[in-house]
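Student: I have a structure open and would like to learn how to read some of its features. Could you walk me through a few of them?

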Amino acid sequence: MRALFCLTLILSLLSPLSADLITIADYRDDFNPNTPSEGWAYLWNRDGVIGNTANYTALLSTGSGYDSNGVNGLPDPLPGRFVTLTQNFGHPGPAPAQGVGFDVHAIAAFTVDQAGEVFIANSNLSMTNGNRAVGSDTLALLIHVNNGPAIFQQSGFDSTTFDISLGELETGDTVFVAIGPNGSDFFDGFALDFSLLQEEAVPEPSSWALLLIGLGLSGFTRRTAD
Ligand SMILES: [Ca+2]
Ligand SMILES: [Ca+2]
Ligand SMILES: [Ca+2]
């Protein structure tokens, strides 16, 4: 009986857990031009290089999206210039060649409200300015969590996707998706979208059934032994 219980317990532990992926955020679906939806922040690295959240500050609502001065119309005064995020359009800020100390990024950030592995899915970042020569002046994409190192970094694309795992996150961790001018901001208009999915590990019903059977047999063995 004890051997059977042990076997059952081992089998139940070996049974795969089902991983339900739920969408916890979606850039376009969640976009509110007046006030960021719960969990979201729209930022720019006004005060220093990308990757250090101490340098980040909020973009301000213009009523149709967010830019550096919160007043409809671009360009804004340096160092903001064309930095903006709206539901269907975005643009990074300027680069050192344009009179600032570092590449100014537009940053979409989301803070998770529960622990678990988080994935980016359904992602796309495409340059959209019709006057731009394909393959010319590009963007730089950088993704990091809190003040951690870059999890994903790419530049030199006309269009790209970035479906990746961000690993196990804790409640309150923030994902930053930052788009920079990659040297200059001419023709740098873009379209952005992505979802964040989170895994909720739920034991398979069969695992629970086996475990309960195992525990029941264990109890039976003890009673007969007494
Ligand atoms: Ca979407
Ligand atoms: Ca403005
Ligand atoms: Ca550029």
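Student: Where is P79 found?

Tutor: This is a predicted model, and in it P79 is found in the loop between β5 and β6. P75 has its place in the loop between β5 (66–67) and β6 (84–85) as well.

Student: What kind of peptide bond joins L78 and P79?

Tutor: Here is the general idea: most peptide bonds are trans. The bond joining L78 and P79 is cis, with omega about 5°. L74 and P75 are also joined by a cis peptide bond, and its omega is about 5°.

Student: Next, backbone angles. Which sign does phi have at N146, positive or negative?

Tutor: As a rule, most residues other than glycine have a negative phi. N146 is not a glycine, yet its phi is positive, about 50°. You will find N146 in the loop between β10 (140–145) and β11 (152–155).

Student: How many other C-beta atoms lie within 10 Å of N146?

Tutor: There are 13, so N146 counts as partly exposed. The label follows from a cut-off: 20 or more such atoms would make a residue buried, and 12 or fewer would make it exposed.

Student: And what is phi at N182?

Tutor: Phi of N182 is near 55°, a positive value in a residue other than glycine. N182 sits in the loop between β14 (174–180) and β15 (190–202). With 18 other C-beta atoms within 10 Å, N182 is partly exposed.

Student: Let's turn to the interior. Which residues of the largest nonpolar core touch the most other members?

Tutor: That core has 39 residues, and the ones touching the most other members are W44, I107, V175, V177, A178, I179 and L196. At least two core residues come from each of β2 (40–44), β8 (106–111), β9 (116–127), β10, β13 (165–169), β14 and β15.

Student: What does W44 touch?

Tutor: Leaving aside residues up to four places away in sequence, W44 touches T57, L59, S68, V83, G93, V104, H105, A106 and I107.

Student: Now strand pairing. How many bridges join β9 to β13, and do they run parallel or antiparallel?

Tutor: β9 and β13 run antiparallel and are joined by 4 bridges. To find one on screen, start from F119, whose bridge partner in β13 is S165.

Student: Which way do β9 and β12 run, parallel or antiparallel?

Tutor: β9 and β12 (residues 159–160) run antiparallel, with 2 bridges joining them. Look for S126, which stands opposite S159 in β12.

Terms used:
Residues are numbered from 1 along each chain as its sequence is written. Chains are lettered from A and ligands numbered from 1 in the order in which they are written. This is a predicted model: local features need pLDDT of at least 70, side-chain atom pairs count only at pLDDT 80 or more; totals for chains, interfaces and linings use all residues. A nonpolar core is a set of buried Ala, Val, Leu, Ile, Met, Phe, Trp, Tyr and Cys residues joined through C-beta atoms within 7 Å. Two residues are in contact if their C-beta atoms, placed from the backbone, lie within 7 Å. Two strands pair if DSSP finds at least two bridges between them.
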